[in-house]
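Grab a pencil and work through these exercises one by one. Each task comes with a solution that goes step by step.

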Amino acid sequence: MMMKSLRELGNEKKITLISLYIYTFIRGAGRASYMFLYPLFLISIGYSTKDLGLIATIASALIIVILPIIGHLVDLGWAIEVLFLSGLSLSLALIIPVIYPSFYSLIISYALNMLSLYLWSPSRNKIIGAIIPQILLGRVYSLFVILFNSSRTITPFILGRLTETFGYEYLMIWMGIFSFAGTFIVYLILVLRQNMFSRAPIGKADVINSYKAMLAFDKSVIAIIIFALIDSFAWRLWFPLLNAYLKEYRRFTDPIIGDYNTVIGLSMLVTSYFAGVITDRIKPIKSLIVYELIGAVGILLINLPHPYIHLSALLIGFSIAFWVSAYNTLITVMYGVEKIGRLRVLTDSVRNISSIPAPQIGGYLMSINPLITFTISALLMSIAIIPLRKIRVKTS
């Protein structure tokens, strides 16, 4: 049924959708490369997991001032350009710390990595919301997750076996080049073959208006703001530090760390489509509740010995698959397509604000006992379920 409906899309929309599929696969490889190589590179040049927590915290503080402008640009019709900047940011994040390996360049690199994530979500959601019927959103988003995780699953497995031969620096440079080349090609396809968005001119007042627009929300979104705040803090207590934790505290080798990341990606890949189908059937709010509970259990199992620790990777991957499908669907339908950028950036800003201190706190708690970090995270994710029950969704 879904494929039949997608075939009914016009030529321009089909090309746009296929281009986004291609970009998602490329982005998966680039993102997986960064998340795998950057922490290990950081440890290799003398920094610690606690230092990574501080770097992530400073980078989060830098990004928060940019987020409102992103949402406003997307709603003004510049979604394709924002999408291109997402890929460019990820490429530079991989290359910069290798060329200039200083503490400041490590912060800039991590900030660019986060910027790439926040640029990608509202721009992609804006385009998808304009061409896909609401009834199919869950399954369409799940297909994006499948493509993303196809490359995300393979990449750390391969890189984990190449680091000893080529080194972290060489691999980061080449993955950065690959990411940029793919981004540029897809950008050209989107610009030359589709004209769905009329681009409003950007003036100086738009910068101020972007902050005003983000803050001009009604009471109906307070519940999801609270959820985003708690969920993000819980997640970022440990997730940015995960590979560094496995290296520094668990003393795992690069191939084992690569395998762990691959299991997460494989779990996401296998469950992504079913997560989308379930989201469409039981609706995004119930799906998010399922994600939080499964994720909390997965986090508590991270301290298991090898090879049983892979059970935590399976549950974490499964929970992420549910989250991506359910959260993106919920954000897309809450306000309607015309205000996706504003709502997405509002929630992303809240997530980023709450996560600013999280990595540093998590890194400090890990230096005392890693179990403290993971236990607090699991408890907070369970608490995050409460405001979800207050959310009301528009139907069409």
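**Exercise 1. Decide whether valine 263 is buried or exposed, then find what it touches.**

Solution. Start with the location: valine 263 sits in helix α12. Next, take its relative accessible area, which is 19% in this predicted model. Buried means under 20%, so valine 263 counts as buried. Now look for partners, skipping residues up to four places away in sequence: valine 263 touches His310, Ala313 and Leu314. Finally, check one of these partners by its backbone: the C-alpha atoms of valine 263 and alanine 313 are separated by 5.8 Å, although the two residues are 50 apart along the chain.

**Exercise 2. Do the same for threonine 57: where does it lie, and which residues is it in contact with?**

Solution. Threonine 57 belongs to helix α3, which covers residues 49–63. Its relative accessible area is 9%, so it is buried. Leave aside the neighbours within four places in sequence, and the contacts are Ile356, Pro357, Pro359 and Gln360. For a backbone distance, try serine 355: its C-alpha atom is 7.5 Å from that of threonine 57, with the two positions 298 residues apart along the chain.

Now zoom out to the chain as a whole. Among contacts between residues at least 6 apart in sequence, 88% join residues at least 24 apart.

**Exercise 3. Find the salt bridges and say how accessible each partner is.**

Solution. First, the idea: side chains of opposite charge can pair when their charged atoms come close. The structure holds two such salt bridges.

- Take aspartate 259 and arginine 161, whose closest N and O atoms are 3.1 Å apart. This pair links distant parts of the chain, with 98 residues separating the partners: aspartate 259 is in helix α12 (residues 254–282), while arginine 161 is in the loop between α7 (137–159) and α8 (163–193). Aspartate 259 has 22% relative accessibility, so it counts as partly exposed. Arginine 161 is partly exposed too, at 38%.
- Then take aspartate 254 and lysine 247, where the closest N and O atoms are 2.8 Å apart. Here aspartate 254 is buried, with a relative accessible area of 9%, whereas lysine 247 is partly exposed at 24%.

**Exercise 4. Work out how enclosed helix α10 is, and how far it reaches.**

Solution. Begin with the span. Helix α10 runs over residues 222–236, 15 residues in total, and reaches 21 Å from its first C-alpha to its last. That is close to the 21 Å expected at 1.5 Å a residue. Now turn to burial: 11 of the 15 residues are buried, so α10 is largely enclosed by the rest of the structure. Among the buried ones you'll find Ile224, Phe227, Asp231, Trp235 and Arg236.

How does the whole chain look? Buried residues make up 60% of its 396 residues, and its secondary structure comes to 18 helices and zero strands.

**Exercise 5. Which residues form a nonpolar patch on the surface?**

Solution. The members are Phe180, Phe184, Leu188, Val191 and Leu192, and together they have about 440 Å² of accessible area. Pick out phenylalanine 184, which is in helix α8. With a relative accessible area of 38%, phenylalanine 184 is partly exposed. As for the whole protein chain, it exposes about 15,900 Å², and carbon and sulfur atoms supply 71% of that.

**Exercise 6. Look at two backbone details: the peptide bond from histidine 306 to proline 307, and phi of arginine 251.**

Solution. Start with the peptide bond: its omega is near 5°, and it is cis. Proline 307 lies in the loop between α13 (284–300) and α14 (310–335). Then go to arginine 251, in the loop between α11 (242–248) and α12. Its phi is near 60°, a positive value in a residue other than glycine. Arginine 251 is also exposed, with a relative accessible area of 66%.

**Exercise 7. Where is the confidence of the model lowest, and where is it highest?**

Solution. Take the average first: the mean pLDDT of the protein chain is 82, and 84% of its residues reach 70 or more. Then compare the helices. Confidence is lowest in helix α1 (residues 2–7), at a mean of 52, and highest in helix α17 (residues 370–383), at 93. Keep one reading rule in mind: where pLDDT is low, the predicted coordinates should not be read in detail.

Methods
Residues are numbered from 1 along each chain as its sequence is written. This is a predicted model: local features need pLDDT of at least 70, side-chain atom pairs count only at pLDDT 80 or more; totals for chains, interfaces and linings use all residues. Side-chain values use heavy atoms; hydrogens and water are left out. A salt bridge is a side-chain nitrogen of Lys or Arg within 4 Å of a carboxyl oxygen of Asp or Glu. Helices (H or I, at least four residues) and strands (E, at least two) are DSSP runs, numbered from the N terminus. Buried means under 20% relative accessible area, exposed over 50%, partly exposed in between (1.4 Å probe, protein chains only). pLDDT is the predictor's confidence in each residue, from 0 to 100. Patches are made of residues with over 30% relative accessible area and no salt bridge: like charges are joined within 9 Å, nonpolar side chains (Val, Leu, Ile, Met, Phe, Trp, Tyr) within 5 Å. Accessible areas come from the Shrake-Rupley method with a 1.4 Å probe; for residues, only the protein chains shown count as cover. The expected span of a helix is 1.5 Å times one less than its number of residues. Contact means heavy atoms within 4.5 Å.
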